[in-house]
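Hi there,

Here is the structure I promised to pass on to you. Have a look at it first, and then read my notes below.

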Amino acid sequence: MVNPAFHCHGCHGEGLMREDFPILNQSIHGYPLVYLDNAATSQKPRAVLDATRNYYERNNANVHRGIHELSNRATAAYENGRERVASFFNARSSREIIFTRGTTEALNLVAHSWGRANLKAGDIILLTEMEHHSNLVPWQLVARETGAELRFIPVTGDEGLLDLSAIDSLLAAPVKLLGMTHISNSLGTINPVAELCQKARRQGVVTVVDGAQSAGHLPVDLQEIGCDFYAFSGHKICGPTGIGGLYARAEIMEQMAPYHGGGEMIQDVEFTHSTYKEPPHKFEAGTPNIAGVVGLHAAMDYLDCIGREKVFCHDQELALYAYELLTRLKGVRLFGPQKGRAGLVSFHLNEIHAHDMVTLADQKGVALRGGHHCNQPLMKKLGVDSTSRASFYFYNSFAEVDRLAEVIREIQKFFGCAAA
Amino acid sequence: MTDDVNDLYQEVILDHSRTPRNFKKLENANHMADGHNPLCGDRVTVFARVENDVIQELSFQGSGCAISKASASIMTASLKGKTLAEVQSLFDQYHVMVTTGTPVDATGGKLIAFAGVHKFPARVKCAILPWHALMSALKKSPTPATTE
Ligand SMILES: Cc1ncc(COP(=O)(O)O)c(C=O)c1O
């Protein structure tokens, strides 16, 4: 649950650091942009844009190959990035960090390299009902291949909490893997991952945490959480698209087979077989996204400059305020817990489809997401085909939440809902 | 709201989305198909009874946004009594209209209300979904009417 130590001091409802984000300063369809689609991707501060640009202008070369100066610089930048990710999440060592394109690739790597070697018919893969498709479909693929079975920790309904009443029996053998999202992208629920990982570990169950929504949004200490794997995306935490990573506990990474084959990941290649580099390099085939790592490094520095406790507290206050304002509107159904939620609200309006909602909000300059949020089975369970979602980051302000509520009212009026 | 929005959500579209016509299962349909837009979750099932290459009856069921619902409703209301060749031609024109704004000819009646969709590329799929379902229903060889 939310650590009560994160008390908010000093965010008075203003968006933080807005001046660092050139993109926020524009009009959309004649209205000031109100960007509330941060759970899909965050905006990028100048510090990140500059770092990437500087890398390309001054230091660009391939890594681990050349022995010339630029290659040395590029290699150093890339490996410093790995150190930075390890310190950002308090991993024991940078050797536990594999760079990937993002959360999706990281989770596929786990399913492919760990899953195929360790799962067999009769084993159980335990997930939750609130998993993003990227922590569900890879396991469906492995389950089909290995004969393992998928089971799910249920979600309580609109409140969107994990129902842990039967967790001990759910975790009993032959469960081999527990996969869960840290923060639900469609409900805003913060799951008690440390507690669940501890229970799982006692049963010898390997744990995967989908950190797409938690990384960069609250302090994450991987040694405290105690998971075996943690996946995240750079683009959701002020970094560039196309870069992210997988934390894998050293002991488990060492036993894993490669994911992709190719250059960079090999030691020695013969015509019929090869030997591989030591982990984590053996999981990074081909020329990596070096500029992405440079940008990610800058993003992590930037976030720690603000302070992740502060980011979390700010986002949470915005979400609580939004929740509060939206409950006052008629015909609005809200999803996710009221207390202890992350920085997003998901809602459904009577008689107005999320798709129409999002089109009309956009016409007022408000960027939302509408749809199933890559949580189709969950939406089915909740009995809605889609929801609208407003998701916040530190640069959003209370005034923007006011604007959201105002725009929703206008849209209700437009559709002739009595509620308005 | 802006002109573009008022073009998109014309009164006739709002009306059909609120009270869709032919919104039911057709018990004696001999053609049927589902359409699904995985992006937004819109789902539609189109039922048709075709005799001698003429659409006798048309209906739909499903859930979706105002645009897809109105599109299905107006489509079912517009095509009764049309020959399959006429339906194909209207589909082709409708397709051009929702992607470019060039209106369908006058025989299309209310279909012209969807000309504004082309300014909202993300919504073209919504407007065209029921039509794709209909065309795929008509392509299938007729099945005996089911009542299960
Ligand atoms: C909870 C969750 N998991 C996984 C992902 C996938 O992240 P990416 O598309 O960056 O791989 C997302 C992003 O939408 C997410 O919200």
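Let's begin with helix α3 of chain A, where helices are DSSP runs (H or I, at least four residues) numbered from the N terminus. Its buried residues (under 20% relative accessible area, 1.4 Å probe, protein chains only) include A:T103, A:E105, A:L107 and A:W114. The helix has 16 residues, 103-118, and should span 22 Å at 1.5 Å a residue, counting one less than its number of residues. Its end C-alpha atoms are 21 Å apart, which agrees.

A quick word on the basis: this is a predicted model, where local features need pLDDT of at least 70 and side-chain atom pairs count only at 80 or more, while totals for chains, interfaces and linings use all residues. Residues are numbered from 1 along each chain, chains are lettered from A and ligands numbered from 1 as written, and side-chain values use heavy atoms, without hydrogens and water.

Next, A:D210 sits in strand β8 (residues 206-210) of chain A, strands being DSSP runs of E, at least two residues. A:D210 is buried, with a relative accessible area of 2%. A:D210 and A:L107 are 103 residues apart in sequence, yet 7.8 Å apart in space, C-alpha to C-alpha.

Which residues surround the ligand? Among them are A:T103, A:H132, A:D210 and A:S233. Polar side-chain atoms make polar contacts (N or O atoms within 3.5 Å) with ligand oxygen atoms: 2.5 Å for A:T104 and 2.6 Å for A:S233.

Happy exploring!

Key. A residue is near a molecule or strand if one of its heavy atoms lies within 4 Å of it. A polar contact is a pair of N or O atoms within 3.5 Å; within protein, one must be able to donate a hydrogen and the other to accept it, and residues adjacent in sequence count only if both atoms are side-chain atoms. Buried means under 20% relative accessible area, exposed over 50%, partly exposed in between (1.4 Å probe, protein chains only).
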